[in-house]
Amino acid sequence: RSGTADMPALGSLGPAGPDPVPAGAIGTGAQVEVGDPGVITMYYQPQVCIATGEVVGVEALLRWRHPRRGMVDPEELIRVAEQSAVMRLLTRRVVDDVVTQLARWSAAGSTLRAALNVSVRDLHTGEIAEQIADRLTRHGVRPERLQLEITEGALMADPRRVLDTISKLHRIGVAIALDDFGTGYSSLQHLRRLPLSEVKVDRSFVLGMADDSDDAAIVRSMIELAGALGLRVVAEGVEDERTWRLLHAAGCDVAQGWFFARPMPADELTAWLARYRPVRPTGVTRTRSRR
Ligand code: C2E
Ligand code: MG
Ligand code: MG
Ligand code: MG
């Protein structure tokens, strides 16, 4: 497989993370001349418990800094990567980086949890489950500290094989979250059939909820539904205080968004955590209380 001018060649994805990955370690060793492919790094965005203001975890998000194009939207990178073997390699890199990072945080005395995103094709073989189990063992990281975010798109493609892979991970203790909840086609079936511990309300609903009563109503019902099924609810795309207060009133468990922090590199996150003081809503009555 060869790279194109705008895709990193297989051998060129590293170094990027805290641990430079030697070219040969992630690819077939095939080197393709693409000029400078830039660097791929993981950024981490805090997730905050709405009731206590404590940081309960982070989501790992891929960033590609291209020498000419600057930061490339991960959605664009992933769309291209999914059409080739590059996606598998990217995901391997993400798993390696995130588990390594979890081990670092442990060594520094933190029990922070991290969620990583997987793409549709990653779940069609059991390979990712094996890789994750292997990395966790190798780095001595407890599976409970890792979470996988899957999208409904992934489930549509081949539900049986996807369910198989997810179940394997669930059995070893890795938590599973349904991402972009509300944007797929058969959300309710998935809630019933999958070993989920969390749903993430898609940011398209959350972004609108302060100004649009329909969006607000949709978010409230999603929170209600997930809560009734015993699932933790995370709202992503929380950009302002008003939205955060609405979510608190609606009984949402966790918020993630620019109101708290943007995604940032691991070292910046460490500094951010050291400065962070829990943000707690005051003067808000919750409509109901959960957990
Ligand atoms: P996602 O998993 O739904 O990630 C949440 C997205 O919301 C992230 O976009 C995050 O930066 C953005 N976000 C968080 N808070 C706010 C906010 O307050 N306002 C707004 N407007 N946006 C906010 P990002 O980082 O651009 O990632 C986009 C998507 O790319 C992700 O959506 C995920 O589907 C995919 N992605 C990112 N990293 C990876 C990865 O490592 N592997 C895979 N397979 N997909 C990834
Ligand atoms: Mg996600
Ligand atoms: Mg999402
Ligand atoms: Mg998305």
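**Metal sites, salt bridges and surface patches**

Arg113 has its place in strand β4, where helices (H or I, at least four residues) and strands (E, at least two) are DSSP runs, numbered from the N terminus. This is a predicted model, in which local features need pLDDT of at least 70 and side-chain atom pairs count only at pLDDT 80 or more, while totals for chains, interfaces and linings use all residues. Residues are numbered from 1 along each chain as its sequence is written, chains are lettered from A and ligands numbered from 1 in the order in which they are written, and side-chain values use heavy atoms, with hydrogens and water left out.

Arg113 counts as partly exposed, at 26% relative accessibility. Here buried means under 20% relative accessible area, exposed means over 50%, and partly exposed lies in between (1.4 Å probe, protein chains only). From C-alpha to C-alpha, Arg113 and Gln147 are 7.6 Å apart in space, although 34 residues apart in sequence.

Strand β4 (residues 113-117) also holds Asn117, which leads to the metal sites. The magnesium ion (ligand 2) is coordinated at 2.0 to 2.2 Å by Glu59 (OE), Asn117 (OD1), Glu149 (OE) and Asp179 (OD). Donors are N, O and S atoms within 2.8 Å of the metal (3.2 Å for Na, K and Ca); water is not among the atoms, so sites may look incomplete. Along the chain, the donors of this magnesium ion (ligand 2) follow the spacing E-x57-N-x31-E-x29-D. Distant parts of the chain are linked here, since Asn117 in strand β4 and Asp179 in strand β6 (residues 175-181) are 62 residues apart. Asn117 is partly exposed, with 26% relative accessibility, whereas Asp179 is buried, at 5%.

Asp179 also belongs to a second site. The magnesium ion (ligand 3) is coordinated by Asp179 (OD), Asp180 (OD) and Glu236, the last listed with two OE donors, at 2.0 to 2.6 Å. The spacing of these donors along the chain is D-D-x55-E. Asp179 coordinates both the magnesium ion (ligand 2) and the magnesium ion (ligand 3), which are 4.2 Å apart. Asp180 counts as partly exposed, at 23% relative accessibility.

Charge pairs form the next topic. Side chains of opposite charge can pair when their charged atoms come close. A salt bridge is a side-chain nitrogen of Lys or Arg within 4 Å of a carboxyl oxygen of Asp or Glu, and by this rule the count comes to 14 salt bridges. In one of them, the side chains of Asp96 and Arg135 meet at 2.4 Å, N to O. Asp96 lies in helix α3 (residues 86-107) and Arg135 in helix α4 (residues 127-139), so this pair ties together parts that are 39 residues apart in sequence. Arg135 is buried, with a relative accessible area of 12%. Arg135 also forms a salt bridge with Asp134, with the closest N and O atoms 2.5 Å apart; Asp134 is partly exposed, at 31% relative accessibility.

In another salt bridge, the closest N and O atoms of Glu241 and Arg245 are 2.7 Å apart. Because Glu241 and Arg245 are four residues apart in helix α10, about one helical turn separates them. Glu241 is partly exposed, with a relative accessible area of 37%, and so is Arg245, with 25%. Elsewhere, salt bridges that share partners join Glu59, Glu149, Lys200 and Glu236 into one network. Three members of this network have already appeared as magnesium donors: Glu59 and Glu149 at ligand 2, and Glu236 at ligand 3.

The surface completes the picture. Patches are made of residues with over 30% relative accessible area and no salt bridge, joining like charges within 9 Å and nonpolar side chains (Val, Leu, Ile, Met, Phe, Trp, Tyr) within 5 Å. Accessible areas come from the Shrake-Rupley method with a 1.4 Å probe, and for residues only the protein chains shown count as cover. Leu188, Leu225 and Leu229 make up a nonpolar surface patch, together offering about 280 Å² of accessible area. Within this patch, Leu229 sits in the loop between α9 (213-228) and β8 and is partly exposed, at 48% relative accessibility.
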